[in-house]
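Biologist: Could you walk me through this model, one question at a time? I will ask, and you can reason it out.

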Amino acid sequence: MSRYVATRAIRGANAIVAEADVLLQKALKEKGADQAVAFPNTAYFLPVALGMMGHEVSTLGELEPVMTYAKSMLHPIPDSKVWTPYLGETLDSGMATLLAAETIEAIRFVYGEQPEPYPGFQLAGGTSFTSPDNGGEPSLDGHLNGPIDDIQLRSWGIQLVDGRMPGFAAIIGAARSNEAAVSIVRELQQRSILTFLSGNVNGRSIIDQLQEEGVEMGYDTYIVPFGRDTLSAIYALGFATRSALTFGGLKGGQWRDILLYNKNRVFAFALALGEVDDLKYAAAAGAISYGFPVIADTIIPEILPTGVTRYEHVISMPWNEIEGETESEKAKQLVQKCIEVRGVKIQITEVPVPVPYGSAFEGEVVRRADMRAEFGGKGSRAYEYLFMADMDDVEDGKIEVIGPEFDTLDEGGFMDLGILVKVAGRKMESDFEPVLERQIHYFVNGASGIQHIGQRDIAWIRISKAAAEKGFTLKHFGDILHARFHGDFGTIVDKVEVKIITEPKLYAEWLEKAREAYNERNERMGAMTDESVEDFYSCTLCQSFAPDHVCIVSPERLGLCGAYNWLDCKASFQINPTGPNQPIKKGECLDDDKGYFTGVNEYAVQASHGSVSDVAMYSVMENPMTACGCFECIMMVIPEANGFMIVSREDTSMTPAGMTFSTLAGVAGGGLQTPGVMGHGKFFVLSKKFIRADGGLKRVVWLSSIMKEQMAEQLKEAAIREGDPDLIDKIADERDCTDVEGLVKHLQEKNHPALSLPPLM
Amino acid sequence: MAKKERTPEEASRDQATITLLTQATEEGIETSFSRADSMAACPIGSDGYCCKVCGMGPCRLVKEGQTGICGATRETVAARNFARMVAAGAAAHSDHGRDLAYTLLAAAEGHAPDYSIKDPAKLREMAGYLDVAVDGKTTEELAKDVALAALGEFGKVEGKIKYLDRAPPKRQEIWKKLGIEPRNVDREIVEIMHRTHIGNDQDAEHILDHAMRAALGDGWGGSMMATDLSDVLFGTPAPVISEANLGVLKDDEVNIIIHGHEPTLSEMIVAAAQDPEMIKYAKSKGAEGITMAGICCTANETLMRQGVPLAGNFLQQELAILTGAVEAMVVDIQCIMQGVVKLAENYHTELITTSPKAKITGATHMEFDEHRAMEIAKEIVRKAVDRYPERKKTRIPEDKAELIPGFSHEYIRYALGGTHRGSFRPLNDAIISGRIRGVVANIGCNNARVCHDHLHQHVVTEFLKNDVLVVETGCGAIASAKQGYMTPEAAFEAAGPGLREVCEAVGMPPVLHMGSCVDNSRILTVLAEMATETGLGEDISDIPAVGMAPEWMSEKAISIGTYCVASGAYVIMGHKSPVSGVEVVDRMISDGWESKVGGRMEFINDPEEIVRRSLAHIDKKRAALGLPEYDPTKWGQSGDARMEQLIELPLEERIEAAYGNKAE
């Protein structure tokens, strides 16, 4: 700190705590102490209060201890002469500010004032906020985002842990100009840094600036507009706190560990745009306790000595003094500085395309109205096919567009497209072909203004008008793929050649070949069983985030995050032999039914530091595999139904277990073995080995409807395989029932096979 | 032969002292300064050649190769004398600690109703170190068990002192290997007396090894427990605002000086002096109120916790009386010059002794009893007030300086990260980066044979310029306080650019007051924490730090110096070595100890040389850790300076100017 910063932060803290106290007293009078208080769809109550105090707030009355604690953290402002030290006192005041801010936002939820209403605003992508004005249906319109829900937190988990998303930026205030605002956010997006927006300067927020410039904000674009006041920045710290609880295996009240977890593992920083007032200084002091530095685009006192944060604490980079001719050049410098100060590790592969590029653009949607051309979807077909060839047969860097460019199309028109990628490499194996092919989706999606959905011959690509105006052509797909395959898979791929085909005859010819290959690969994958391989793979990708958990991935059981199957792990091991995926000698099979292997058990003992000694690969009732926090779904035994329910991460509804996904996640995570509860990947449900020891798919009595829809065909095939073709219809979902009584009734009506299986308990 | 009398300016660097010494000289009043001038030190004793441990002597071994009647060599004699100084020093600190344990016991048992547990958290922490179970006990029950456990450490039958576990593991290993882990506090002191008896341990190195063992029992035992027990009973210090030097005495109030080393009584007197009944009584005698001020470590104890101003350090005790403005000087134990009694006879000052262990002929003895502490404190205050009407002409110097004391290691930890993130990481980071070049602990006494405060002032000034953070206790701390180095503003004037940045970030002074001389244990704790925080090695001996007592005089200083060396520190004592005539022994405590425990003790009288060697040592340790070379030109960018220019502007200009200057 400095005396100036301390003075303003401590003054700001005193003011906001007093305000929170007044609001709380008023709310208690008007609504009563028993009035429920909650942020939507989270199992972590008010996360900062939970993290720092171990205190679970679910009613207004329970906010009182939060205020008492916040008050105990307040201090007088330093004297102007012969002052006493202020660093510790300022950081305490910062913590008081966070607790007060969280209290105020919680009260605002009670009054329907959060998420902040914003007429005409539309969020990009999902939100779990249920608008009371919308008949209880989730609404994306007319309000800002408010706090991030657990579902989104968990779905970003894998990206946070594998480094695709290096960290987050909490922007507070308003940029020097709209152009500056857009440039800063674009720079962050290009680096895949999650961006949280809050605050304003004299009533004008960066959210207003981006809205005026037509920048999409929402989960899909990695730009989350929390609210237009400074207080909403508390959601960033709630997110940080929950990261430690969700992925770090920490419990509420372990404040020191939670803060150090963030300092050491969560690469976040605060970017204060425009004038910094008392409250912003106070909130910044709170962020510094998390190890998050603060960078400002105005003159504020710099705090360069290190220690609470890894590098400098506060950096001032006055906008006018940043070198650069244009706002966008200045933005680049500013963001570069932020990254430097936080020490964020970013690998960027330079991708030579005329539009911004980064995985933050992966979720971007191109609406029909903004679309220049479309490939696949309703009117046309697009496919992508990657295959290996001999070294001599591949000309690295050769990119051909065969057939007409899309500039021949009318605006909004469509055409057929084939993308062929021919690769060669000494370590390349045909098994890796599908692994690499699936990357095309992520790689192409990284370009701003390009939307990619699906894979194989159901790919669907849109190019926006904006991208086309900037000069994006079909050839650039080749540039992207060439750059990214070399950048990300350089150890197995030495040469990459790309053909983009729109010429009808050649298109049809290659589509045939591609389909043959898809079928052949399906068969190969289907034939690949746990019995047919010697090695399983460990996955410690999450260990930077969840230190005690280890995944074991086998051909018939993919990672619980859903992102890594056995082939992915094998390829990853080839790419980085000392990396997170190591082969585990399967060893002797001790129990074929439950899936006990000597090698797996030995590995579990070592990796869990002795806390787990046996792992059953195919059972949930006995020594199930542990979980971190990024699982796609959770299964839990429902004794009355003699079966299991499976709830997916996207499903916010109540379940027959009496808990929502978010609450269940607390039981399933943390690296503990809890018989009867397990986190797993969605596609595991389709595996022949899926809880084989406990009865397999026939034990599934309740399944989130979203999974039923997403995997409809595969589930049907699995049901046929299990000898009960109508099984999926017999399985209930949240539309049928969300309690045990309803479930049992449903199962009896449908004559679900679980009821006639041997008792589970 | 009388030496040449020094002028007041030659005798002290402290203006208040110079003013009063000038008057004393004019009036022919004798002080320790004039006595030092008129009597040279005994040359035989000061070289370490005097043996008086038996009735055949005293023997004076003035010639090379000469032995005592028993045949004891110069080496044996010098080592024995040195060890006995350690024994006396360790005994003084530790006995102080023991008394505090008894006070805690009495408080816990309800026999000392004026005392309470002010820091229950620290009590629980102590319980942890002493293996006392905490669960289910009331504070009083726990306090009793902790007091008994602490008392047990003084004379326990087997094992070692439990607090040794607070040292870095590597350090503990060294002690264990060398066989110098103190078994209990008292035994090692007694064993020094035994070993140094006629005809016993007559191997200098062997005697000195044991001196380290007894000294460790002081630093990591008696002193450390004294600090902890004081904090439990009177509160763990945190920053307060106060003032230092004789200018804190008031012309129109009753002035009571508390002097000595213990907080037990002085805390009560401070409370009694604030009692409305006492203030009313003072007013009834024509005074405006009651002012308390301290000298020596009683001063430091009450300063750290209550902000009671400092009247001065050791050599100012007589001068306080010379002001004619002191109604009573209340003393407890240690460092009280007998000369003050005679001096007080010339004034209205009541000299009151209070400790059952320290009576002074001619002084009023009002024995302190913790069972009726407040009652006695009030009697003492009343006695002082009664003196007020007899006050004659006063001459209170104007000199005083503000200071921010109160840097317990707990507070430093808090200051560097608050409740939630407190740690020594920022300090280690600052040293690693080179903003802070290293740390100097400047402690210890005044010595009438060296210019008062001169060495303290000189070395601290130089260290600050060189970006060395200075931590202090005892009379050294009072010297810096008077010099104005203990305000946060001092960092802007006196510190180098890197240290200034750190001080500004924390809001702290460049020189930290850490307490009394038993509180050197706080410095040990800080060093241990720095060693375990990572980045600065694994042991105290790895840290770029130096300890020094440039104006040392007491045996306690020798004990402190010895336990710091045994803990791995490079220690520079000023003035003169008590073994200076015996080169072999001089080498044993420097090179010899360094090879055994990594720390060394040197005696250097030249302040320039002290600074030079300290910086060389710090740079050597930095290099050994692989830290960047000290380069002050890299630092100094952060802080409020630019912001202060900005807020000078009118509001409308400020908004635009906040974005900085447009490029030309």
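Modeller: Gladly, starting with a term: helices (H or I, at least four residues) and strands (E, at least two) are DSSP runs, numbered from the N terminus. The model is predicted, so local features need pLDDT of at least 70 and side-chain atom pairs count only at pLDDT 80 or more, while totals for chains, interfaces and linings use all residues. Residues are numbered from 1 along each chain as its sequence is written, and chains are lettered from A and ligands numbered from 1 in the order in which they are written.

Biologist: Thanks! Which residue with positive phi follows α25(B)?

Modeller: Helix α25 of chain B covers residues 555-566. After α25(B), phi is positive, near 110°, at G568(B).

Biologist: And how many of the residues of α25(B) are buried?

Modeller: A residue is buried if 20 or more other C-beta atoms, placed from the backbone, lie within 10 Å of its own, exposed if 12 or fewer, and partly exposed in between. The buried ones include K556(B), G561(B) and Y563(B). α25(B) is mostly covered, and of its 12 residues the buried count is 11.

Biologist: What radius of gyration does chain A have?

Modeller: The radius is taken over C-alpha atoms, and the globule rule is 2.2 Å times the number of residues to the power 0.38. With 761 residues, a compact globule would come out near 27 Å, and chain A agrees with that, at 27 Å.

Biologist: Which helix gives the most to the side of domain 3 of chain A that touches domain 4 of chain A?

Modeller: The domain bounds, from an automatic or database domain assignment, put domain 3 at 368-512 and domain 4 at 530-756. Their C-alpha centres lie 34 Å apart. The contact (C-beta atoms, placed from the backbone, within 7 Å) takes 8 residues from domain 3 of chain A and 6 residues from domain 4 of chain A. With 3 residues, the top contributor on the domain 3 side is α12(A).

Biologist: How far does α12(A) reach from its first C-alpha to its last?

Modeller: α12(A) runs over residues 432-445, 14 residues in total. The expected span is 1.5 Å times one less than the number of residues, which gives 20 Å here. The model comes close to that, at 21 Å.

Biologist: Lastly, which helix supplies the largest share of the side of chain A that touches chain B?

Modeller: That contact takes 39 residues from chain A and 42 residues from chain B. On the chain A side, α1 (3-31), α4 (87-110) and α9 (255-265) each supply at least two residues. The largest share, 5 residues, comes from α4(A).

Methods: Two residues are in contact if their C-beta atoms, placed from the backbone, lie within 7 Å.
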